[in-house]
Amino acid sequence: MRKKLSLIILVTIFVFGTFMTINPNPIFAKSKKPVIIGFIGSFDSDAGKSTLRGAEIAIEEINAAGGMLGGRKLKLVKADTGEDATEGIKAYEYLAENKKVDFIISGCIDDVSLGWMPRMAEYKIPTVDTWTSAYSAIEKVSKEYEKYKMYFMTCPTDYALGTQYVDFAKDVLAKKMGWKTCVIMQEDTAYGTGTYAFIKDDILPGAGIKLLDHIVYDPNTVDFSPIYNKIIRTKPDFIYIISSVKCVVPTSQYVKMQVPIPITGINVAAVGKEFWKDTGGMGGGMSTLMPPPTLGMDMDPRTEKFIKKYQKKYKKRPVYPHFNGFNAYYGIYNAVSAAEHAGGFKPLDKWVKAMENEDLKLYKDGKLWIRYAYWKPGELEPRTGVAFTHNVKADISPPLNNGHPALIVTQWYTDGSVKCVYPKKYANGEFTVPPWVKK
């Protein structure tokens, strides 16, 4: 009996040892498989790089803390869109079919995201978008929830942004500054045209400001003196610029000519630390509307740590994260936290429900400062009565106590500094006019 038992033990050890040689960790091998995170965006733009870098830092931190789902590490793979809608569709397909990603973080511009969204719906891959602000993207989720429920947006939509555009015009441009007339100078792009229509039809009437003239310019314009001279002759109280493509030339020439009229509006380049150097030190007086968090704001302690890591790690532009870099960093944390609660990114429904309940709160001086929570199906934003399903829960109703304003207005000063001037809760500077402008 003992010989028989010994023989059974030996055979068992041999078989188990052979199996372990083939598969040394049969129980945990599958669970230790890395979680594949896909990045989609432009490799060469400041915006694309900012999203990618925010994601990289979040992934490094999560892996250093032990990964997710009991020790699975996160692995990042990338696909370049070149800021082109067609290339964006190809990039999404590449991540889905070739890289078999579990989750996607996007740093795409609006048109590119809208291009790949139908493919996302087919692949059913959980996706967080950090740059896009198109309400039409969120509207898809609200109206066709089952089809687009895997999509979340960490940037307030243009609808939410626009609501606070009106507030800024009312509270600062009209009430504080006493301005009643303006000229809009708009780049000749689809974005510029759409934004102009919104400003003309909603913002200016809402603030009681009269439009005296509308100037459309080619983004490749190199000499703005005829445009500025025409505006000077029109004598508006201020200039409202809409510039998202080539923003440096109209800015630097405004300062070089010392145009005697204040300027504000939308200047995408002004969100970057490189703005001052790009303009040759001639960016003073320019203010711009921007989604938060952004350069010029005071930051909470956790975000300050992220900025220090970013600046230590990346020495080439953008040397300071754009708003979508912050959105990627915290968007990754929200998505991974939801996956922990749901047991992974699959099944999709479990992850979606968990993500809808994510609520990452950041505090400064004991007060809620920035918040990454999301609108759920069926919820309506109280002030507008609009459904923003799966959009970040932007706070657009004063006194702004819910932790994520739709926009921040920042202004560059002639000494090269940049401050937040609106809304009041986040302001650390005053909205002023350049010293050469008579008040």
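Modeller: Before we start, a ground rule: helices are DSSP runs of H or I with at least four residues, strands are DSSP runs of E with at least two, and both are numbered from the N terminus. By that rule, Pro118 sits in helix α4 (residues 110–123). This is a predicted model, where local features need pLDDT of at least 70 and side-chain atom pairs count only at pLDDT 80 or more, while totals for chains, interfaces and linings use all residues. Residues are numbered from 1 along each chain as its sequence is written, and side-chain values use heavy atoms, with hydrogens and water left out.

Colleague: Why is Pro118 called partly exposed?

Modeller: Buried means under 20% relative accessible area, exposed means over 50%, and partly exposed is in between (1.4 Å probe, protein chains only). Pro118 has 33% relative accessibility, so it counts as partly exposed. Glu379 gets that label too, because its relative accessible area is 25%.

Colleague: Where is Glu379, then, and which residues is Glu379 in contact with?

Modeller: Glu379 is in the loop between β12 (367–373) and β13. Contact means heavy atoms within 4.5 Å. Leaving aside neighbours within four places in sequence, Glu379 touches Tyr374, Val386, Ala387, Phe388 and Lys393. The C-alpha atoms of Glu379 and Ser142 are 9.7 Å apart, with their positions 237 residues apart along the chain.

Colleague: What makes you say that β1 is largely enclosed by the rest of the structure?

Modeller: Seven of the seven residues of β1 (residues 35–41) are buried, so the label fits. On one side you have Val35, Ile37, Phe39 and Gly41, on the other Ile36, Gly38 and Ile40, and all are buried. In a regular strand, side chains alternate between the two faces of the sheet.

Colleague: How do you know that β1 pairs with β2?

Modeller: Two strands pair if DSSP finds at least two bridges between them. β1 and β2 (residues 74–80) run parallel and have seven bridges, and Gly41 has Asp80 as its bridge partner in β2. From β1 the chain passes through helix α2 (residues 46–64) to β2, a right-handed β-α-β crossover. Right-handed means that, with the strands pointing away from the viewer, the path from the first strand over the helix to the second runs clockwise. β1 also has five bridges to β3 (residues 103–107), again parallel.

Colleague: What makes β10 and β14 edge strands?

Modeller: They belong to an open, antiparallel sheet of three strands in the order β10-β13-β14. β10 (287–290) and β14 (418–422) each pair on one side only. Helix α7 (residues 158–176) packs on that sheet, touching β10, β13 and β14, and its direction makes about 90 degrees with that of β14. Axes here are lines fitted to C-alpha atoms, for helices over the stretch in contact, with angles from 0 to 180 degrees between N-to-C directions.

Colleague: Why call one space a pocket and another a cavity?

Modeller: On a 1 Å grid over the protein atoms alone, a cavity is a set of points where a 1.4 Å probe fits but cannot get out, while a pocket is an open set with protein on both sides within 12 Å along at least five of seven lines; lining residues have an atom within 4 Å of a point. Volume is the space filled by probe spheres set on the points, which are joined across faces, edges and corners. The largest pocket has about 1300 Å³ and 41 lining residues, with Asp110, Trp131, Tyr191, Ser244 and Val268 nearest its centre. The largest cavity holds about 30 Å³, and its lining includes Ala160 and Trp375.
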